[in-house]
Amino acid sequence: MAETDLVKSQDTPFEGGPMDGRVLPVLLGPTGHPPKTYRIPVPDPEGGPPTVLVYRRVPRGHSRRLGLVQGWKYAYDPDDRSGGGLRWPWSRPNG
């Protein structure tokens, strides 16, 4: 089995923000879906800390009969409040 057989990617479109209209290959997780959040670090020209662009996974469309997700795309999320940590079902919501 070749190494490329184990790592799968999917061309995923980006909407909004600086990446609007671009399509990038995104690695798929063990469930066959791209990650819920995609973070892109952009280096600072003056050598300061990089700016991080945050994109959220949203459905690209739904099927007519069953309403199943037809694919995924990423939408720009300028107000990232997730903090990047894990959320457990028993955690309190961030209020």
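**Notebook: an aromatic cluster and its sheet**

I began with the rings, and I found that ring pairs link F14, Y38, Y55, Y74 and Y76 into a cluster. I note at once that the model is predicted. In total, I counted five aromatic pairs in the structure.

**Entry on F14 and Y38.** I looked up how these two rings meet. Their centres lie 5.5 Å apart and their planes stand at 65°; planes over 60 degrees apart count as edge-to-face, so I recorded the pair as edge-to-face. I then checked where the two residues sit in the chain. F14 belongs to strand β1 and Y38 to strand β3 (residues 37–42), and they are 24 residues apart, so the pair links distant parts of the chain.

I next asked whether F14 is buried or exposed. F14 has a relative accessible area of 2% and is buried, because buried means under 20%. For Y38 I read a relative accessibility of 22%, and Y38 therefore counts as partly exposed.

**Entry on Y38 and Y74.** I turned to the second pair that contains Y38. The rings of Y38 and Y74 also have their centres 5.5 Å apart, but their planes are at 40°, so I recorded this pair as tilted. This pair, too, links distant parts of the chain: Y38 is in strand β3, Y74 is in strand β5, and 36 residues separate them. Y74 has 0% relative accessibility and counts as buried.

**Entry on a charge over a ring.** I also looked at W72. R57 lies over the face of W72, at 4.1 Å from the ring centre.

**Entry on the whole chain.** I listed the secondary structure as one helix and five strands. Along the sequence, I read the pattern α-β-β-β-β-β. The chain has 95 residues, and 15% of them count as buried. I noted an accessible surface of about 7,700 Å² for the chain, with 54% of it belonging to carbon and sulfur atoms. I also looked at contacts between residues at least 6 apart in sequence: 32% of these join residues at least 24 apart.

**Entry on the sheet.** I asked in what order the strands of the open sheet stand. The order of the five strands is β2-β1-β5-β4-β3, and the pairing is mixed. I found β2 and β3 at the edges; each has a single partner strand, so one side of each is left without a neighbour in the sheet. On average, neighbouring strands of this sheet are turned by 40° against each other, direction ignored. As a reminder to myself, strands of a sheet pair through backbone hydrogen bonds, either parallel or antiparallel.

**Entry on the partners of β1.** I followed strand β1 (residues 9–15) to its partner β2 (residues 23–27): the two run antiparallel, and five bridges join them. Within this pairing, I noted P13 opposite V23 in β2, and V26 in β2 as the bridge partner of Q10. I then followed β1 to strand β5 (residues 69–76), where the two strands run parallel and two bridges join them.

Which residue of β5 stands opposite F14? I found Y74 there. This returned me to the start of my notes, since F14 and Y74 are both listed in the ring cluster.

Notes: Residues are numbered from 1 along each chain as its sequence is written. This is a predicted model: local features need pLDDT of at least 70, side-chain atom pairs count only at pLDDT 80 or more; totals for chains, interfaces and linings use all residues. Side-chain values use heavy atoms; hydrogens and water are left out. Two strands pair if DSSP finds at least two bridges between them. Helices (H or I, at least four residues) and strands (E, at least two) are DSSP runs, numbered from the N terminus. Rings of Phe, Tyr and Trp (its six-membered ring) pair if their centres lie within 6.5 Å; planes under 30 degrees apart count as stacked, over 60 as edge-to-face and the rest as tilted. Buried means under 20% relative accessible area, exposed over 50%, partly exposed in between (1.4 Å probe, protein chains only). A charge sits over a ring if NZ of Lys or CZ of Arg is within 6 Å of the ring centre and within 35 degrees of the ring normal. Contact means heavy atoms within 4.5 Å. Accessible areas come from the Shrake-Rupley method with a 1.4 Å probe; for residues, only the protein chains shown count as cover. Axes are lines fitted to C-alpha atoms, for helices over the stretch in contact, and angles run from 0 to 180 degrees between N-to-C directions.
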